[in-house]
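User: I'd like to go through some strand pairings and any enclosed space in this one. Can you take my questions as they come?

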Amino acid sequence: MIETLASYRHRLGLALLALLFPACLTAQSTAAISYTLDASASSVSARVPFFGLSSKTARFPRMEGTVSVVPGAPERALVDVTFDAEAIEAPDETTLRRLRGERFFWVERYPTIRFVGRSLTMTSATQGRVTGELTARGVTQPETLDVTFTSDPTEAGSEAVSFSGEMEIDRRQYGMKSYQLIVGNKVKIKLNARMVPN
């Protein structure tokens with residue numbers, strides 16, 4: 001009877017291991033790959049039409065952020081990037097003063113701009129689309145960032161990955177409605193970033 005009970009416990013233990021071991025492998029294989037943005041190798045710019053004949057570009061040289069990608073489940077990706085609006089740069093002092101002022105970014109009240117991407121749809125091994133929300137001047141709107149990676153971010157893991165991204169927004173949706181006869185309403189935003197694995 002004692003041997004039978006011991007044998008039963010042994011078989012039960014093996015059965016539990018057989019159930020748990022594949023689960024552990026699955027959990028490891030789907031663990032998120034986390035990256036931190038290398039601020040020294042990252043930049044963002046915003047270009048807007050000017051008088052319908054040319055354009056002006058502002059730059060945000062300071063940013064910080066994180067990226068989390070789940071292998072096999074890019075829809076669970078999370079991108080969180082914050083730009084320092086107070087550090088905005090413009091091609092001339094007049095433009096800079098207007099951009100920093102109340103009619104545009106109003107940096108005194110809203111010192112940061114933030115993009116939170118909540119899902120990544122890969123269209124190829126290195127190209128995709130991040131959907132999420134952009135918050136600027138205290139207003140949050142759904143936006144989409146088209147991205148191109150230097151390598152598959154779901155497989156890189158231990159290596160840094162660079163990417164470029166573009167989106168077009170309507171500044172009026174963020175409360176920036178001034179100078180519409182001079183400044184275009186569509187703003188093209190470009191992001192270049194380097195992600196370093198944690």
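User: How many residues does the hairpin use to join E6 to E7?

Analyst: This is a predicted model, where local features need pLDDT of at least 70, side-chain atom pairs count only at pLDDT 80 or more, and totals for chains, interfaces and linings use all residues. Residues are numbered from 1 along each chain as its sequence is written, and side-chain values use heavy atoms, with hydrogens and water left out. Strands E6 (residues 112-122) and E7 (residues 127-136) pair antiparallel over eight bridges (strands are DSSP E runs of at least two residues, numbered from the N terminus; pairing takes at least two DSSP bridges). The hairpin's link from E6 to E7 is four residues.

User: And E7 with E8: which residue in the turn has a positive phi?

Analyst: E7 and E8 pair antiparallel too, over 10 bridges, with valine 130 opposite leucine 145. Their hairpin has two residues in between, and the one with a positive phi, about 55°, is arginine 137.

User: What's the volume of the largest cavity?

Analyst: A cavity here is a set of 1 Å grid points, over the protein atoms alone, where a 1.4 Å probe fits but can't get out. Points join across faces, edges and corners, and volume is the space filled by probe spheres set on them. There's one cavity of 30 Å³ or more, and the largest comes to about 80 Å³.

User: Which strand gives the most to its lining?

Analyst: Lining residues have an atom within 4 Å of a point, and they include Val130 and Leu145. E4 (63-69) and E8 (139-149) are the elements giving two or more residues. With three residues, the top contributor is E8.

Conventions: On a 1 Å grid over the protein atoms alone, a cavity is a set of points where a 1.4 Å probe fits but cannot get out, and a pocket is an open set with protein on both sides within 12 Å along at least five of seven lines; lining residues have an atom within 4 Å of a point.
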